[in-house]
Amino acid sequence: MRDTHEIDFNDELLAWYDRNAREMPWRIGPADRSSGMRPDPYRVWLSEVMLQQTTVAAVRDYFLRFTSRWPTVESLAAAPDEQVMGEWAGLGYYARARNLLKCARVVVESHDGCFPDSHDELLNLPGIGPYTAAAIAAIAFDRPETVLDGNVERVVARLYDIHDPLPGSKPQLKQRAAALTPAVRPGDYAQAVMDLGATVCTPRSPACGICPMRTRCRSQAAGTQADLPRKTPKKPKPTRYGHVYITQTADGAMLLERRPDKGLLGGMLGWPGSEWSDAPSDTAPFASDWRVLPGEVRHTFTHFHLILQVWATSLPPGAAPEDMILLDKHAFRPSDLPTVMRKAFDLWRNQ
DNA sequence: GATACGTGGAT
DNA sequence: TATCCAAGTAT
């Protein structure tokens, strides 16, 4: 049963959203929204996958390029893998791009090109988990589903002054969030809570002074909001070392490899290289007059730091060694590389 | 439940 | 410089 507190919360937050909703390329305008128009499920899905663990600012241009190049799920499903991985390069978490393609192809081949409109059916699709299934159902189809992302966790933990640390407190937060989800405009409500978390109820220095929930927020009353939500401490990152091998032929072609689909940077283009470990071997992939470039590439992944040496050589024009890809001057685009590989290229180019 | 999985911006 | 953090998912 929904109590008065929750009804007031919904009204206040939706009113705030109507005044403050941020413009985003995947959203429809207020006029269309109030006339009952729904956003394109394809665009909602694409934006939500891109937004997983990624900021709106980082996603915007990627979304515009993807939808310009592939305006429909059919066109995306028909795209070659390499083109999609290249367009995703730099955005990170590359399993998302591999699952994006899998999902597009399932939707086209098994769902007649239409995204399912229920949480449970969406959850069965590749790359769609509990959050994204709820987000698509709510935003694209206006289903009363409860989204629970980092923003909602923070807003709810503060609103109810919940001190139990994440991720253990997730079920409790989910229950609170579900009790707040209204039957009216659930899609707008979901986006409203996330916008509030992103712009007002921020992780550090929350703007409680302008928060529409100020008078209803228990942690604001208790003065504990800056310490919430609590999180279990993270493990320190180890440092790993390795080399990459950058080879150019006399006619300007570059020697690369396609990384295996599983694991780090899976499916992406990259330079051949050593293992990344405490003490990498210094065995080059083939005999040549290798030059070790001055400087190094430093890059931090989710769970380790990486320090990379760059070895460079040149070859006469010809065939690529086994399992490697020779891309000529026009076919090679540094923007197709994941960031760590692009850093190595930049070091090589500026040598 | 714990771990693997990217990147860039803010502090 | 170091740490945190972002509209999480798969295994």
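Me: Which residues does UniProt give for the "domain: HhH-GPD" feature?
Reply: The unreviewed UniProt entry puts that domain at residues 50-199, with positions in the numbering used here, a shortened feature name, and annotations that may be inferred rather than shown by experiment. This is a predicted model, where local features need pLDDT of at least 70 and side-chain atom pairs count only at pLDDT 80 or more, while totals for chains, interfaces and linings use all residues. Residues are numbered from 1 along each chain as written, chains are lettered from A and ligands numbered from 1 in written order, and side-chain values use heavy atoms, without hydrogens and water.

Me: How much helix and strand in 50-199?
Reply: That span is 64% helix and 0% strand, taking helices (H or I, at least four residues) and strands (E, at least two) as DSSP runs numbered from the N terminus.

Me: OK, the DNA. Which residues are closest to strand B?
Reply: Leu-265, His-299, Thr-302, His-303 and Thr-339, out of 20 that surround DNA strand B; near means a residue heavy atom within 4 Å.

Me: What share of the DNA atoms there is sugar and phosphate?
Reply: Sugar and phosphate make up 63% of the strand B atoms within 4 Å of the protein.

Me: And which side chain sits 2.6 Å from a base nitrogen?
Reply: Thr-302, through an N or O atom. On the phosphate side, a polar side-chain atom of Lys-235 is 2.7 Å from a phosphate oxygen of DNA strand B.

Me: Which element supplies the largest share of that surface?
Reply: H14, with three residues.

How values were computed:
Polar contact = N/O pair within 3.5 Å; in protein donor to acceptor, adjacent residues only side chain to side chain.
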